[in-house]
Amino acid sequence: MALILNDENFEKEINNSNQLILVDFFAEWCEPCSVLGPILEKVSEHFKEKFVLVKVNLDSAPLIAQKFGIEKIPTVVLFKAGKPISGFVGLSSEANIKEWLEKIIESKEDDNEPARNASHSDAGGEKIDELEKEYAEYAKTNGFQLNPDIGVARRVINGLLENEKKYGKKYCPCRRVTGNEAEDSKKICPCFWHKDELEKDGHCFCKLYTK
């Protein structure tokens, strides 16, 4: 059973551990989180002593969410010596998560190669670079911009690519895919609501685009 952390004990547990710690940021009301949780549990059993899996309910950890810029869930972040070294946003398959972790664990054991970012191992760095340029150009043409926080933008793009792998289309990783094709078509990035959200809030719901 994964340890549950919150604002009170998060930094103590993360900073005092000599192991890699895989943090599952979730919420009880988040349906994709409920799907990803058991996958992470299974993966942690596979790797056993290689890392520790912990969970953070964002409703109980608003300060931690703010500190580490957790804007979307599920978000998974791997920590080493108290520092985030890699992560991904949205659902991912058991096979993809294992592949990602294997590469990071190998690099840690080699102690020469830096840990790889999950966006490169899961979706492919070149594909993310290509989409980043495409979405930045789209934003510029329409009078707004790609989120200047490149970490946020690339995490969203990685989530889009994961949804493309799973569902065949780049559905927004912050919205639930229902299986209703007509309803879900509105969630393909750039989604049906993004311009209204930009006008109202200064950013779209997943914060890929900002004013």
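Two strands count as paired here if DSSP finds at least two bridges between them. Keep that in mind as we walk through this model, which is a predicted one.

Let's start at strand E2, residues 20–26. On one side, E2 pairs with strand E4 (residues 75–80) in the antiparallel sense, with five bridges between them. If you want a spot to look at, find Phe25: its bridge partner in E4 is Thr75. E2 also has strand E3 (residues 51–57) as a partner, and here the two run parallel, joined by seven bridges. In this pairing, Phe26 sits opposite Asn57 of E3.

How does the chain get from E2 to E3? Helix H2 (residues 31–47) belongs to the same unit as these two strands, and together E2, H2 and E3 form a right-handed β-α-β unit.

Now for the surroundings of E2. In a regular strand, side chains alternate between the two faces of the sheet. Both faces of E2 are covered: Leu20, Leu22, Asp24 and Phe26 are buried on one side, and Ile21, Val23 and Phe25 are buried on the other. That makes seven of seven residues buried, so E2 is largely enclosed by the rest of the structure.

Finally, let's look for empty space. Rolling a probe the size of a water molecule over the atoms shows where some is left. The structure holds one cavity of 30 Å³ or more. The largest cavity has a volume of about 80 Å³. Of its 13 lining residues, Cys172, Cys189, Cys191, Cys204 and Cys206 are the closest to the centre. By type, the lining splits into 10 nonpolar residues, one polar and two charged.

Methods: Residues are numbered from 1 along each chain as its sequence is written. This is a predicted model: local features need pLDDT of at least 70, side-chain atom pairs count only at pLDDT 80 or more; totals for chains, interfaces and linings use all residues. Side-chain values use heavy atoms; hydrogens and water are left out. On a 1 Å grid over the protein atoms alone, a cavity is a set of points where a 1.4 Å probe fits but cannot get out, and a pocket is an open set with protein on both sides within 12 Å along at least five of seven lines; lining residues have an atom within 4 Å of a point. Grid points are joined across faces, edges and corners, and a volume is the space filled by probe spheres set on the points. Ala, Val, Leu, Ile, Met, Phe, Trp, Tyr, Cys and Pro count as nonpolar, Asp, Glu, Lys and Arg as charged, and the others, Gly among them, as polar. Buried means under 20% relative accessible area, exposed over 50%, partly exposed in between (1.4 Å probe, protein chains only). Helices (H or I, at least four residues) and strands (E, at least two) are DSSP runs, numbered from the N terminus. A crossover is right-handed if, with the strands pointing away from the viewer, the path from the first strand over the helix to the second runs clockwise.
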